[in-house]
Protein chains: 2
Amino acid sequence: MDQPSAPDLQTAHRLILEQTSALPVQSIPLEEALHRVPSRSLPALLPSPGFNHSTRDGFVLSARPDRQGHYRIAGEIAAGDICKIHLATGEAWRIMTGAQLPAGGVRVIPQEQCTVEGNILRISSKGLLAKNSFIRKQGSNIAQGKVIVPAGTPIQAEHQALLAGVGYTEVPVHLQPKISFFCTGNELVGPTATKLSGQKVSENRFLLKSLTQLFGAMPTDCGLVGDNKNELHRVFATLDSDQPDVIISTGGMGPGKYDLLEDAFIEAGGQVIYNALKMRPGKATLFGTLGQSLFFGLPGPPPAVHLLFHELVRPALLALQGIKRCFPERIRIRLTEPLSCPQEKILCLKSGIFQINNGICTARSAKKSEATSCYLLCPAHRRQLHKGEWIQAHLTNSPFQS
Amino acid sequence: MDQPSAPDLQTAHRLILEQTSALPVQSIPLEEALHRVPSRSLPALLPSPGFNHSTRDGFVLSARPDRQGHYRIAGEIAAGDICKIHLATGEAWRIMTGAQLPAGGVRVIPQEQCTVEGNILRISSKGLLAKNSFIRKQGSNIAQGKVIVPAGTPIQAEHQALLAGVGYTEVPVHLQPKISFFCTGNELVGPTATKLSGQKVSENRFLLKSLTQLFGAMPTDCGLVGDNKNELHRVFATLDSDQPDVIISTGGMGPGKYDLLEDAFIEAGGQVIYNALKMRPGKATLFGTLGQSLFFGLPGPPPAVHLLFHELVRPALLALQGIKRCFPERIRIRLTEPLSCPQEKILCLKSGIFQINNGICTARSAKKSEATSCYLLCPAHRRQLHKGEWIQAHLTNSPFQS
């Protein structure tokens with residue numbers, strides 16, 4: 001069944017990325033930039049903090065006391081005050097946490113180390129001897145020019161906060177990919193249609209809408225398409241003029257009489273790059289281009305759609321957004337249960353549940369109603385993997401989660 | 001500084017959950033249910049698959065050939081066909097992948113094991129001897145009544161697909177929490193305001209908006225509030241009448257002259273449950289209730305806001321949605337670098353970067369511009385932790401990611 005020329009997973013990745021380049025750039029408000037991907041490194045435009053400030057409520061002192069050895073309280077500086085004063089010798093000013101340090105101020109004594117008699121400040125010996133100046137210097141948190149987010153790294157919540165603090169109100173990010181998908185099969189009906197014997201609700205519509213959104217894309221559901229040339233031609237013609245960034249189909253990919261997908265794709269002007277992979281699932285899956293759109297023809301069964309989405313479509317969606325680390329994270333895991341592989345000759349991937357046990361990465365195969373958290377790689381020459389054995393796995397979590 | 005009565009983190013968790021119960025239930029379309037939390041277990045309403053069907057394009061056979069030892073082809077059953085036929089002895093029907101099995105059909109022979117001569121089907125010995133019947137039985141994937149999503153578990157993309165297949169078009173889920181937040185500090189300005197010396201852009205607004213959204217809540221930014229009683233009274237009065245599920249503030253929590261938050265909260269009718277914790281950061285953080293709203297008074301520095309959000313606010317937001325596993329995942333990790341703890345007497349949490357190395361969970365402390373992926377727990381009695389040491393950590397990832 002598997003063609004000698006079918007590429008393996010690694011080759012498929014290369015073939016997909018060769019066709020994929022980051023989308024154009026737009027400038028968006030920082031507030032909307034969560035999980036968007038900057039098109040260039042974002043350095044601090046301003047230092048953080050923006051000015052020297054006190055880290056405590058207390059008193060800021062000039063370099064030296066007056067001739068009587070005293071500091072006299074000359075006024076108060078609150079957070080947010082526009083501070084233009086210059087401390088004279090022997091002067092102390094009451095200062096609040098976050099308030100700008102006045103010129104001539106060299107240290108802050110926390111208020112709990114001080115007493116006030118009239119306008120004279122008395123400082124405890126603990127306060128006088130403390131090494132900490134309770135001053136945070138301009139730029140001590142982040143120096144001007146320091147990169148906050150490297151190009152190709154999704155912006156996280158903490159990045160948004162830091163970027164706001166160092167002068168950003170907008171950020172340049174790659175556009176989000178536009179995805180159009182359709183599900184083929186004469187047996188498929190929508191969830192609200194009256195279902196007759198022999199018909200089934202299309203599950204893949206739900207799967208593809210949610211998965212594409214989770215990986216930062218904007219999906220359009222082009223609906224259900226029957227297993228006939230006319231309907232397939234119509235949907236491809238529409239898509240060819242819409243020019244989404246990515247087209248995904250499910251079903252119609254086998255060797256059967258009604259598996260018309262590949263022919264219809266080619267007749268619509270599509271270029272096939274592969275139409276089978278040397279892995280399981282993946283024997284019946286197509287990748288190609290239709291005009292400016294990437295095209296992924298996935299098989300019909302939802303478990304295969306989920307797996308091939310993660311292994312093949314996800315890298316493309318992330319690369320289109322300019323993300324450097326676009327592949328699922330590859331890790332070593334220890335099996336907590338034996339694992340049967342269905343096949344001996346080629347790499348098989350099985351849906352797994354990833355769990356951390358006492359600092360060790362472990363996994364087992366997923367039950368049918370469990371959501372996949374990793375894919376377990378059964379090597380080509382193995383049929384049965386043992387409990388306790390270390391194998392490779394791909395995590396399905398998204399790079400948008402820090 | 002730390003009060004003897006200040007609760008520790010574990011006690012704080014108990015105090016918060018005592019005030020938190022799952023929000024009311026609404027019915028929503030399955031299509032919109034990604035990451036929403038069902039209020040009850042969702043069992044399969046129908047079996048999956050819904051009918052016996054062929055897993056290959058091929059020929060379905062009756063139990064026995066005719067007297068000549070032949071199977072004669074009587075017709076074709078495509079996927080989606082409404083199938084009312086009954087196979088007679090010696091009958092074979094061409095059948096497609098996914099098509100309903102006719103009554104009297106006992107096995108399917110894949111087409112590549114067959115040749116057709118006139119209306120007589122010739123089957124290879126490999127086809128005849130195969131153990132696989134190439135039939136998927138009704139309910140063999142998911143039996144009717146089998147639980148697809150347990151109560152209190154977020155719905156993932158694969159669950160949506162399964163639920164669509166077993167008869168759901170709507171699902172009962174808990175409401176999403178409504179959050180109102182405000183940031184206090186005379187020094188704070190909005191990102192587009194002209195910034196004068198001594199003023200800074202509020203970073204916490206960005207942090208709180210994104211974090212609350214990431215954990216399934218709907219945030220409202222109530223803006224910047226000055227360090228004075230009038231402004232604080234006004235915002236609390238508005239919030240008391242709005243009755244959001246959760247109110248969050250930042251700043252104004254220290255012992256200073258302008259730290260008016262706690263007094264204003266009490267004067268507005270708020271009940272304080274704790275106003276300090278035995279952990280660092282956390283010495284200046286308040287939890288209480290204002291009418292039906294939970295109230296979290298967080299300190300001003302954004303790193304402390306991020307940490308206390310994860311450790312204290314996040315469990316409340318998830319519990320309001322009915323999620324059972326509402327705390328950050330606690331794991332053992334191995335330090336890849338030495339770690340200095342600032343304090344000896346109490347638990348300190350430090351922002352860390354979690355990484356899987358060769359199947360082992362490891363971490364190091366985060367640099368200032370890196371997004372936190374875990375919090376490292378420095379035990380109360382330790383000042384310096386060694387490279388290679390195993391310690392506890394809390395992961396910051398969300399339960400919505402499978």
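The following exercises, each with a worked solution, concern a predicted model.

**Exercise 1.** Determine how many residues each chain gives to the contact between chain A and chain B, and which element supplies the largest share on the side of chain A.

*Solution.* Begin with the totals: the contact draws 80 residues from chain A and 78 residues from chain B. Next, assign the side of chain A to its elements, where strand E11 (147-149), helix H3 (157-165), helix H4 (204-214) and helix H7 (302-320) are among those that each supply at least two residues. Of these shares the largest, eight residues, belongs to H3(A). Finally, sort this side of chain A by residue character, which gives 33 nonpolar, 33 polar and 14 charged residues.

**Exercise 2.** Explain why H4(A) is described as largely enclosed, and find what its buried residues pack against.

*Solution.* A residue counts as buried if 20 or more other C-beta atoms lie within 10 Å of its own. Because 10 of the 11 residues of H4(A) are buried, the helix is largely enclosed by the rest of the structure; A:Phe206, A:Leu207 and A:Leu211 are among the buried ones. These buried residues pack against strands E13, E16 and E17 and helix H7 of chain A, together with helix H3 (157-165) of chain B. After H4(A) comes A:Gly216, with a positive phi near 85 degrees.

**Exercise 3.** Trace the pairing of strand E20 (residues 286-290) of chain B through B:Thr289.

*Solution.* E20(B) pairs with E18(B) in the antiparallel sense over three bridges, and B:Thr289 is the bridge partner of B:Gln271. E20(B) also pairs with E21(B), again antiparallel, over five bridges, with B:Thr289 opposite B:Leu294. The hairpin of E20(B) and E21(B) has two residues between the strands, and B:Gly291 takes a positive phi near 60 degrees there.

Terms used: Residues are numbered from 1 along each chain as its sequence is written. Chains are lettered from A and ligands numbered from 1 in the order in which they are written. This is a predicted model: local features need pLDDT of at least 70, side-chain atom pairs count only at pLDDT 80 or more; totals for chains, interfaces and linings use all residues. Two residues are in contact if their C-beta atoms, placed from the backbone, lie within 7 Å. Helices (H or I, at least four residues) and strands (E, at least two) are DSSP runs, numbered from the N terminus. Ala, Val, Leu, Ile, Met, Phe, Trp, Tyr, Cys and Pro count as nonpolar, Asp, Glu, Lys and Arg as charged, and the others, Gly among them, as polar. Two strands pair if DSSP finds at least two bridges between them. A residue is buried if 20 or more other C-beta atoms lie within 10 Å of its own, exposed if 12 or fewer, and partly exposed in between; C-beta atoms are placed from the backbone.
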